[in-house]
Amino acid sequence: MSNLWFLYLFFAALLVFIGLYCLLTMRNLIRLFIAVEIISKGVSLAIVATGAVKNNILLAQSLAITYIVVEVALVAAALALIINIYKKNRSLDVRLLSKLKG
Amino acid sequence: MVIQIILLCGLVIFSVLAILLKDLIKAALSLAVASLLLGIIFFRLAAPYAGVFEISVVAGLITVLFILTIALTKKGDEVTEARLVKLAFPVFLILFLVIDGLVMKSLLQKIPALPSGPETGTFGQVLWKQRTFDLVAQVGVILAGVLAVLALFRKKEEDRDE
Amino acid sequence: MVFSFIVMPLLVAAFLPLIGKFSKKLLPDVLTNAALAFLVFNSILLVKPVFNQGFIVQNLHWLGEKVNLQVALDAFNLFMLFTISLVSLCISLFSIDYLEHYGHKSTFYALFLVMIAGMNGLVLVPDLFSVYLFLEVAAVASYALVAFGLGYDELEASFKYLMLSVVASAFALLSITVIFGMTGSLNFQAVAQGLQDLEARLVLGVCVAFFIMGFGLKAALVPFHAWLPDAHPSAPAPISAMLSGLLIKVSGIYALFRIVYSVIGITPALSRLLMALGTISMVVAALLALGQKDIKRMLAYSSISQVGYIVLGLALGTPLGIAGALFHLFNHAVAKGLLFLNSGSIQHITGTRNLEELGGLGKMVPVTAGTNLVGALSIAGVPPLAGFWSKLIIIMALVQAREFGYALVAILASILTLWYYLLIQRQAFFGRVAEKWLQVREAPFWMSAANVVLALVCVLAGIFFTPIFKTWISPAAEALARGIQQVLMWGL
Amino acid sequence: MSPTTLLWPILFPAAVAVVLLLIPSRIRYAREILSVMSAGALLYLGFVLFARRNLSLVSDWLGPGINFDLRLYHFSAFILLALSGFLFLICLYSAVKMKNHPRAREYFGYVFLAAAFSNGAVLANNFVLLVFFWEALLITTYALVTLGLKPTSHRTAVKSLLIGGFCDFAMILGIGLLWASTGTLTMDKIQVEPHGLTLAAFVLMMIGAIGKAGAMPFHTWIPDAALDAPVSFMAFMPASFEKLLGIYLLARITLDFFELKVGSGLSILLMIIGAATIVFAVFMALIQKDFKKLLSFHAVSQVGYMVLGVGTAIPIGIAGGIFHMINHAMYKCGLFLSSGSVEHRTGTTELKKLGGLAREMPWTAAGFAVCALAISGVWPLNGFVSKEMVFHGALETGYPIFAIAAWVGAIFTFASFLKAGHSVFLGPRSTEVPKTRESEAPIVLPILILAALCITFGVYNKLPLQHFIQPILHGKAEAAEHLDFTSHALDLFNPVAGVSILCLIIALGIHFYGWNRSGKKAYLASEPIHNLPVLHKLYDLSEARFFDLYEQGVKFLQWLSRLLFRFIDRPVDYVYEKVVTAVGRTFTGLLQKAHNGQYANYLAWTVGGLVVVVWIILQLLK
């Protein structure tokens, strides 16, 4: 059973890596936030898989649901921010967001 | 087991598509498909409520929010990603696959865990009685999200003097 | 009632947007300040029972059923609660006048209260996942508050802040998941117990690294600090004060050290690593602060530097070091809150934050200038203000532990600190009055009042340092340090 | 008398400072009257405490071992009395001199604050308490220097703060080491042999003490401050207060905390520092063209005598050093005040522009003359007595080189004061300053009081030596059971005194020869020393001998002093101005460039930081 856990963790780490790669290299604000979503998929996969493997699925399930709620709130806030930035900038390029520096 | 691995691979593939597809709408849709697959994985891991939440909220609501945002910001300059980034991605992915595999293999028998017996009670009891604090926090998070949207989309009463 | 620290701000926050429909200013002002004053009062009332019993545990019975709303309040928690309530009360007093030109007071206050509820919750819960959750509650509210002005800078800063901290908290949550997998539980005590029985140094080491990144980013430790100098200066002044004064300490330092001390257990190697991180933050940020032209940006870098001191003291792990760090945490919360509010006053008075444009304001706005001086000197560690004592104790603790190198760096960094605070004083307040500032007037009543109250706290905490230290700080430090003895070393 | 009386010298001036800061400028004379009266009250308190001597106040403070511990005994009572005396005179003087200063309110407040901190530092019997007051003094010094209101004042103030901060930092480290090795922080419980760790502690604490006193190489801010700070500040801080405190601590270090042995390496080290300070600073003083700057270099040079005296570890040398400290405080204070009086009336202190003021400002000139003679060590003034004691001490150690260095210092001290006095008060009346008159009484009075004290302490040297100095040494240094320095204090007929007098004469010769050569004709008959018949003859006799030496010597000396200025004085300055600030700026610039505002960059740091932390932890696990 324990080996199964590592399989899931392997995929969770993969998802986190994909998200981080996108965050580090890509430019479109919306795509960056999609990357954040992919990272959080990795995290919720890890939570549920851990619960399933360790006989704690009820607890893990409630954690996963709570995490999804957090995700929704974050998505709402972040997308509202992105729309506001678009209104100011008329562009979604993250490289333009470098006025504050030094 | 095989089905589970296929589902997981599908999840990864659609995630990769979500960051590589040029069209943002398609990217958001592949993210939704990835969520759908994740929901099915949850079902198969005996977490039906989490699966339902994942499919309805993440694959449904969040995708709608994404598409709405994409539609609202469609008129601006197209932001093109660097070609090199996309071309280099498979290389890095394979590199990470190897590292990830090696790390997980080396950890394989190394993580000790306490033996745990089967859980008692129902999902509802766990959520409401064991994790009551989380519910309070959920109320807080939802309130924060709603208020954030209210604050960010408010009409300005008067202009700030810069 | 301990639960009121979480429930009360949430309730008020839930109703404020409705109230805002028919009373734009008065009722939100009164309600928010009353709620916060109640929390301050409440935390003072709790002092006696907590100190008599060591800690109190409360269970809430809800609808006749026993539910798991259990909080354990010890001296350390209470100290944090008191700090949060006191500083945020002053900040909300300041907001009464400051928020006039932002509009939408009710939304602002509601977010503000949600953030406080999040911080209070984080301090109170003895559960790993709930710590993460309340951290997100405070964080989501703070993203919106940073962007509250809806200007370009605010949005840019808020976006970067959000994207960085989302990644960081994902890592913290991954780490929590792994620990959950190993011990099958999330409660601090149960996890600590479980970890004692396991021989899991390697995995636990990686988990600690994830925690250091996740909470270290919230605490703005170098190299995880990059969001702070953007977000803190861009936010409206009360929010800058809130973020720098409280949020980085509660969701960064408190969370990290609560987990390190009470769950995982501190070890010499881990303590060395954290001390090194603290020292790097202290020095790098102090150097960066020297080069700033914008008051608030300078203050933001200063926050990073002072967090370095606190981390250094806490990571040292000796009773004196912990006590000094906690006292510095309190002092920094008060003084940095004061300085950010004060920078808000300056911006309100002159319309600029650029040090090169300011000059000679001391004569025109004595209250603002005087309180600024008090705050700056307190952080810079000038006797007899409170900041001096806490820095002295940290340095003494380092000497006592024979960490002469760290003591040396801490002293040098405090000279740097004094240097850049004197820069602010000289460029903004001393010297000749520039032509364009001849007509400026003192900040409105509530703004000045909040400044004066915080400055008084700085001075009084310095003068009555001994009783405060004995009655407040030492028990809190002991409560935190007790965690070390409870948890078996995991051999790192 | 209850022990809580000991809080008065600290709390009273602090309270006065607060009141002075609060009094609005509109109420005329209130500030001046209050400050003079409370300084008088403090002086009275000083006398009372001096009469009472032994008092001790201990209460719990920061924690175990760190008590709020004040102790009054003969040494601290003596310093306390001296401090309050100087405070009174400075207040009296400033009442007129600083009256129209735009920020007089802050000036008086800071002066009293400084007095409070100084009293605290003197009374402290716990190292942490000492450090607290000691550090606080830096801030008042900083604030007072900025009150010079010159464009460079702030720069100089920061310089004083950083140099002082460095010295204090050394002292804190030293105290830490001492604590580590003895386990106590109570000052009167510590007595150790300096070796190993405690040797380092000794050297570090010594740096703190002599840095406060302004010895080489920690003096560079004082000459700058001479031009940038108010002149009364110069009389207040570098001339009197800081010397008293610095030498007080140095004496405590060498007498109480550590047992300094005669001829030990540490003693030699102290003597080298002392001798070097005397010689180098006096050479620099010689070429100064500004009255105040000349005085300030002497303020540095004279520290050398004190450090040398204390460093000999021989009773007569230590007593001489301490006696020199109080003497120096008196005449240097008087000299600065008289330069202030000149500046008050003429508006300048440049030697070139001044001349022949003695007729218009007779009292200032007289005060200056007495003080200048005292600093030069002319019989029978106090400077003579204390310098003789230092010479004796230095000779007794068996290293005559130090005595010779001290004598060389004496020569040029006198020569430079002849030059200063000559060009300011004597000679033809300068045409560059308009006709003027004597300063007001409150300005002249302190100068005259100080001059009178200089004479008193010289002629009746029994008074200070028996009442102030000897009790300090009683039973401390080796073979100091029967101390009596008074019997031959004014004795002219012994070899040491002979050499000293010879030095003075040489100085006289140097001055007049140089003056003559520089194209000004005729000796001035009014020059009092010149007219003394014996000296005059001796001068004539020695003229021929010194002819060649002078011709080449002046060039050599000027070259030497320029060399010293460039290679000792300037490098210290250079390190501060170029290296420290430039390095800081470069680092800051690089770090600022790194914060380029790009999200990906910041995220890369975060992830990179994570990788590094994981790596370190895995390394630690191995």
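A residue is called buried here if 20 or more other C-beta atoms, placed from the backbone, lie within 10 Å of its own, exposed if 12 or fewer do, and partly exposed in between. The model is predicted, so to speak of local features we need pLDDT of at least 70, while side-chain atom pairs count only at pLDDT 80 or more and totals for chains, interfaces and linings use all residues. Residues are numbered from 1 along each chain as its sequence is written, and chains are lettered from A and ligands numbered from 1 in the order in which they are written.

**Exercise 1. Describe helix 3 of chain A and its surroundings.**

Step 1. Helices are DSSP runs of H or I with at least four residues, strands are runs of E with at least two, and both are numbered from the N terminus. Helix 3 of chain A has 33 residues.

Step 2. Check its length: from first C-alpha to last, helix 3 of chain A reaches 46 Å, close to the expected 48 Å. The expected span is 1.5 Å times one less than the number of residues.

Step 3. Count burial: 28 of the 33 residues are buried, so helix 3 of chain A is largely enclosed by the rest of the structure.

Step 4. Look just past the end, where R90(A) follows with a positive phi near 55 degrees.

**Exercise 2. Work out which elements of chain A touch chain B.**

Step 1. Two residues are in contact if their C-beta atoms, placed from the backbone, lie within 7 Å. By that test, 60 residues of chain A meet 63 residues of chain B.

Step 2. Helix 1 (2-25), helix 2 (29-53) and helix 3 (57-89) of chain A each give two or more residues to this side. Helix 3 of chain A provides the largest share, 25 residues.

Step 3. Sort by type, with Ala, Val, Leu, Ile, Met, Phe, Trp, Tyr, Cys and Pro as nonpolar, Asp, Glu, Lys and Arg as charged, and the others, Gly among them, as polar. The side of chain A that touches chain B has 41 nonpolar, 11 polar and 8 charged residues.

**Exercise 3. Do likewise for the side of chain C that touches chain A.**

Step 1. Here 29 residues of chain C are in contact with 26 of chain A.

Step 2. Helix 5 (128-146), helix 6 (152-183) and helix 9 (228-234) of chain C each supply at least two residues, and helix 6 of chain C gives the most, with 18.

Step 3. By type, this side of chain C divides into 19 nonpolar, 5 polar and 5 charged residues.

**Exercise 4. Decide where chain C deserves caution.**

Step 1. pLDDT is the predictor's confidence in each residue, from 0 to 100. Chain C averages 86, and 96% of its residues score at least 70.

Step 2. Among its elements, confidence is lowest in strand 1 (residues 55-62) of chain C, at a mean of 69, and highest in helix 5 of chain C, at 93.

Step 3. Over residues 485-492 of chain C, pLDDT stays under 50, and the model has 21 contacts beyond four places in sequence for them. Where pLDDT is low, the predicted coordinates should not be read in detail.

**Exercise 5. Summarise chain D.**

Step 1. Chain D has 22 helices and 2 strands.

Step 2. Buried residues make up 54% of its 622 residues.

Step 3. Of the contacts in chain D between residues at least 6 apart in sequence, 81% join residues at least 24 apart.
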